[in-house]
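Take a walk through this model, starting at the ligand and moving on to the sheet and a helix beside it.

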Amino acid sequence: MLSINQLHAQVEDKEILKGLSLEIKPGEIHAIMGPNGAGKSTLGNVLSGREGYEVTGGSVQFKGQNLLDMDTEERAREGLFLAFQYPVEIPGVSNMEFLKAAVDAKRKHHGQSELSAVEFMKLARETSKQVSLDPNFLKRGVNEGFSGGEKKRNEIMQMMLLEPKLCILDETDSGLDIDALQVVADGVNAMRATDRSFIVVTHYQRLLDYIVPDYVHVLANGRIVKSGDKSLALELEEKGYGWLEGEVA
Ligand code: ADP
Ligand code: MG
Ligand code: MG
């Protein structure tokens with residue numbers, strides 16, 4: 001699904017990713033933890049092709065293709081999804097219009113016809129119920145006045161509608177209340193499939209009680225410095241990151 005080899009990337013001439021390697025097979029869930037400022041969000045931004053994040057070395061293969069050759073839209077159409085990447089409000093564009101445009105673009109890319117407004121409305125309403133969002137929400141502007149929990153439910157709804165192949169979930173540092181946490185976890189678990197993979201970036205071991213990862217990695221100082229199974233998350237919660245300092249240096 002994803003093969004990252006010795007990736008180096010910089011933001012504003014500052015090197016953030018310093019030789020990061022990671023292999024993700026179809027069907028796997030990988031959790032990424034690590035200290036603040038380690039480069040976790042940068043990794044998500046680099047993979048999604050966000051402007052301002054410059055790759056200076058290494059390679060990334062996504063489903064056997066060179067990801068770094070694709071623009072942001074191509075990556076999305078090929079099935080890469082970065083959740084929580086649209087914190088900005090887009091007044092004047094309803095959530096429904098935004099979601100339909102995204103779904104139609106993906107369908108077109110895969111040679112499928114556009115959904116009619118009625119078909120999409122039906123699908124969107126059903127999906128909004130799955131994430132416990134009031135369907136009226138669909139009429140509101142993108143992220144306009146959404147609470148933190150609503151934004152996350154909305155992102156999970158987007159993910160369900162787009163059916164991506166590789167989902168990257170980057171948690172905010174502000175944290176989730178228990179209901180939002182459950183919605184995110186239920187959404188991910190409902191979408192787990194043998195041909196779909198997840199990268200879950202989190203500060204909270206607690207989330208991994210709900211989303212059980214196949215692998216846990218520690219990202220520190222721009223590299224993966226330790227990998228293990230889900231027990232590593234418990235160990236990190238107990239010991240923090242200090243004991244990994246040797247590996248970080
Ligand atoms: P994490 O998500 O692990 O907390 P980030 O990837 O957000 O870490 O940040 C890693 C480093 O890159 C930090 O020093 C941060 O200040 C810097 N950084 C990330 N994005 C930008 C940006 N757009 N402009 C300037 N510096 C950035
Ligand atoms: Mg951070
Ligand atoms: Mg971050």
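**From the ligand shell to the sheet**

Ligand 1 is surrounded by Val-11, Glu-12, Ile-16, Gly-34, Asn-36, Gly-37, Ala-38, Gly-39, Lys-40, Ser-41, Thr-42 and Gly-52. The model is predicted, so treat this shell as computed: a residue belongs to it if its C-beta atom, placed from the backbone, lies within 6 Å of the ligand. By class, the shell holds 3 nonpolar, 7 polar and 2 charged residues. Which helix gives the largest share of the shell? Helix H1, residues 40-48, does, with 3 residues.

Now turn to the sheet. It is open and has 6 strands, in the order S6-S9-S10-S3-S11-S12. The pairing is mixed. Strand S6 (80-83) and strand S12 (223-228) are the edges, each pairing on one side only. From one strand to the next, the twist averages 20°.

Look next at strand S3, residues 29-33. In the strand order, S3 stands between S10 and S11. Strand S11 (residues 215-220) runs parallel to S3, and 4 bridges join the two. Two pairs can be picked out here. His-30 stands opposite Tyr-215 in S11. Met-33 has Val-218 of S11 as its bridge partner. S10 also runs parallel to S3, again joined by 4 bridges. On that side, Ala-31 stands opposite Val-200.

Is S3 mostly covered or mostly open? It is mostly covered, with 5 of its 5 residues buried. A residue counts as buried here if 20 or more other C-beta atoms lie within 10 Å of its own. The cover extends to both faces of S3. On one side sit Ile-29, Ala-31 and Met-33. On the other sit His-30 and Ile-32. Thus His-30 and Met-33, each paired with a residue of S11, lie on opposite faces of the strand.

Finish with helix H6, residues 178-191. How far apart are its end C-alpha atoms? They are 20 Å apart. That agrees with expectation, because 14 residues at 1.5 Å a residue should span 20 Å. The expected span uses one less than the number of residues.

Several residues of H6 are buried: Ala-180, Leu-181, Val-183, Val-184, Ala-185, Gly-187 and Val-188. What covers them? The cover includes helix H5 (148-162), strand S10 (197-201) and helix H7 (207-210). S10 links the two parts of this tour: it helps cover the buried residues of H6, and it is joined to S3 by 4 bridges.

Methods: Residues numbered from 1 in each chain as written. Chains lettered and ligands numbered in written order. Predicted model: local features only at pLDDT ≥ 70, side-chain atom pairs only at ≥ 80, totals over all residues. Nonpolar A, V, L, I, M, F, W, Y, C, P; charged D, E, K, R; others polar. Pairing = 2+ DSSP bridges. Axes fitted to C-alpha atoms, helices over the stretch in contact; angles between N-to-C directions. Buried ≥ 20, exposed ≤ 12 C-beta atoms within 10 Å, placed from the backbone. Contact = placed C-beta atoms within 7 Å.
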